[in-house]
Structure formats: structure tokens, C-alpha cells
Amino acid sequence: MVAFLVAVHIIISILLILIVIMQPGKGADLAGAFGGGGSQTAFGARGAATLLHKLTVAFFVLFILTSVALAVLQARPRASVMENQPPVTQTQPAAVEPDASETPAVPVEAPPVDPADEQ
């Protein structure tokens, strides 16, 4: 749901930017930059400003609605995968008693060395 809203929000943002750029300015609009001096004739003298104004308002309202929806969805607490797990308790390992059948290892001592045998 959030991914869909983010995609819609980005598309609305791009369209809103394009519509605002296409708005007629004080003699230097986007069409004038590309050599289209007669851009007002496509929609009529008054129709272009009205249509662009309505589109701007509509995309602005959609932009605000998607912004609020994303903010509300992101403010919700998220579910965790560990939410339904029982709590982990720390237990002490049981003391291991030596088995009676096992004999403890006794270190074997080396026989004493006689200094007379070394020569």
C-alpha cells in the first residue's frame, strides 16, 4: 500500500511540476523558450489559463492528499516478527557430575634422569 502511494505521489509531483512550468508567465513561458510563440491559440485566448489553473489546483489537492496519507501510514506502529514469540528466559546450565565409571586422568611422571648416564 505504501509503495503504491509513493509511486502515485511521485507521478503527481512530476505532473504538478510540468503543469506549473507550462503556466503562462509575463512574456517568457515554456513555449516561448522553444520558439512556440503562439501557444495561447491551442486552447483559445482565455481557455489555456483556465484549464491550466484547474489542472494545477487538481494536482495540488491530489499532492496534499497523498502527502497526508503517506504521513499517516508512516506514523502507525509497525508489526514485528518477534511480537508473538514467548519471552526468552535465561537458565543456568545444570552442573555436570563426573561419571563414576570414568577414571580421572593421572599425569604420568617421567623417570628421574641420572647425571652419570648422560656421559
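**Exercise 1. State what share of the protein is buried.**

Solution. Call a residue buried under 20% relative accessible area and exposed over 50% (1.4 Å probe, protein chains only). Of the 119 residues in the protein, 12% are buried. The model is predicted: local features need pLDDT of at least 70, side-chain atom pairs count only at pLDDT 80 or more, and totals for chains, interfaces and linings use all residues. Residues are numbered from 1 along each chain as its sequence is written, and side-chain values use heavy atoms, without hydrogens and water.

**Exercise 2. Compare the span of α1 with its expected value, then locate its buried residues.**

Solution. Helices are DSSP runs of H or I, at least four residues, numbered from the N terminus. The protein has three helices and zero strands.
- The expected span is 1.5 Å times one less than the number of residues. For the 21 residues of α1 this gives 30 Å, and the end C-alpha atoms are 30 Å apart, so the two agree.
- Buried in α1 are Leu5, His9, Ile12, Ser13, Leu16 and Ile19. They lie on the same side of α1, because their arc (directions from the helix axis to the C-beta atoms) covers only 135°.
- The face turned away from that side carries exposed Ala3, Phe4, Ile11 and Ile17.

**Exercise 3. List the residues of the largest nonpolar core and the elements that supply them.**

Solution. Such a core joins buried Ala, Val, Leu, Ile, Met, Phe, Trp, Tyr and Cys residues through side-chain atoms within 4.5 Å.
- The five members are Ile12, Leu16, Ile19, Leu52 and Phe59.
- Two or more residues come from each of α1 (2-22) and α3 (47-75); α1 gives the most, three.
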